[in-house]
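This report describes the interior and some surface sites of one protein chain. The model comes first, followed by notes on its cavity, its cores and a few single residues.

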Amino acid sequence: MGEEIAAEFLRAKKFVIIESNFRTRGGEIDLVARDPNGELVFVEVKTYASDSLTPLEEAIPRWKQRKLIRTARHYLDTIKDQNARFDVLAITRKGSSADIEHFKNAFTA
């Protein structure tokens with residue numbers, strides 16, 4: 001559900017969604033998109049209940065970042081592109097609505 005909300009949010013900001021749930025044996029990337037400037041963006045989606053107290057820096061620990069980076073490198077090798085960034089969308093569900101925070105360049109390879 002969170003990934004669908006994230007994709008809608010990004011499309012409204014003129015991103016083009018290229019892949020959802022890109023998987024390799026070593027990991028998964030929630031969304032792969034191009035931003036309005038044409039930059040490739042790997043998006044990790046974190047969905048929380050309204051009462052969650054987990055800060056973002058704990059939600060994506062360094063081991064998870066390394067796993068995402070390895071999976072992203074595999075993706076980049078397949079499309080022969082080397083320029084990309086990692087964004088995180090933190091979605092807090094509040095009943096039938098959601099608050100969304102977009103962290104650009106949340107971490108680097």
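## Internal cavity

The model is a predicted one. Searching the whole structure for cavities of 30 Å³ or more gives one. The largest cavity holds about 30 Å³ of space.

Its lining consists of I29, F42, V43, E44, L68, F86, D87, V88 and F107. Sorted by class, seven of these lining residues are nonpolar, none is polar and two are charged. At least two lining residues come from β3, and at least two from β4.

## Nonpolar cores

The largest nonpolar core has 17 residues, and the members that touch the most others are V32, F42, F86 and F107. Two or more residues of this core are given by each of β2 (27-34), β3 (40-49), α3 (62-79) and β4 (84-94). Helix α3 has the largest share, with five residues.

There is also a second core, separate from this one, with 13 residues; among them are A6, F9, A33 and V41.

## F107 in strand β5

F107 belongs to strand β5, which covers residues 97-107. F107 has a relative accessible area of 8%, so it counts as buried; the cut-off for buried is under 20%. F107 is one of the core members with the most contacts to other members, and F107 is also one of the residues lining the largest cavity.

Apart from residues up to four places away in sequence, F107 touches I60, Q65, L68, I69, F86 and V88. Of these contacts, L68, F86 and V88 are also named in the cavity lining. The C-alpha atoms of F107 and R85 lie 8.0 Å apart, with a sequence separation of 22 residues.

## D87 in strand β4

Which strand holds D87? D87 lies in β4. The relative accessible area of D87 is 1%, and D87 is therefore buried. D87 is one of the residues that line the largest cavity.

The side chain of D87 makes a polar contact of 2.8 Å with the side chain of R85. With residues up to four places away in sequence left out, D87 touches V41, F42, V43, E44, H102, F103, K104, N105 and A106. Three of these contacts, F42, V43 and E44, are listed in the cavity lining as well.

## T71 in helix α3

T71 is a residue of helix α3, the element with the largest share of the largest core. Is T71 buried or exposed? T71 is buried, because its relative accessible area is 2% and the limit for buried is 20%.

Once neighbours within four places in sequence are set aside, the contacts of T71 are F22, T24, G26, G27, E28 and I29. Of these, I29 also appears in the lining of the largest cavity.

## Positive phi angles

K14 and N21 are non-glycine residues with positive phi. Phi is near 75° at K14 and about 55° at N21.

K14 sits in the loop between α1 and β1 (16-24). With a relative accessible area of 62%, K14 is exposed. N21 is placed in strand β1. The relative accessibility of N21 is 28%, so N21 counts as partly exposed; partly exposed runs between the 20% and 50% limits.

## Exposed sites and C-alpha separations

Helix α1 (residues 2-12) contains A12. A12 is exposed, with a relative accessible area of 61%. From A12 to N105 the C-alpha separation is 19 Å, across 93 residues along the chain. N105 is one of the residues that D87 touches.

N37 is in the loop between β2 and β3. Why does N37 count as exposed? N37 has a relative accessible area of 74%, and exposed means over 50%. The C-alpha atoms of N37 and K14 are separated by 9.4 Å, and the two residues are 23 residues apart along the chain. K14, like N37, is exposed.

Terms used
Residues numbered from 1 in each chain as written. Predicted model: local features only at pLDDT ≥ 70, side-chain atom pairs only at ≥ 80, totals over all residues. Heavy atoms only, no water. Core = buried A, V, L, I, M, F, W, Y, C linked by side-chain atoms within 4.5 Å. Buried < 20%, exposed > 50% of the residue type's maximum accessible area, 1.4 Å probe, protein only. Helix = DSSP H or I, 4+ residues; strand = E, 2+ residues; numbered from the N terminus. Polar contact = N/O pair within 3.5 Å; in protein donor to acceptor, adjacent residues only side chain to side chain. Contact = heavy atoms within 4.5 Å. 1 Å grid on protein atoms, 1.4 Å probe; cavity = no way out; pocket = protein on both sides within 12 Å on 5 of 7 lines; lining within 4 Å. Points joined across faces, edges and corners; volume = space filled by probe spheres on them. Nonpolar A, V, L, I, M, F, W, Y, C, P; charged D, E, K, R; others polar.
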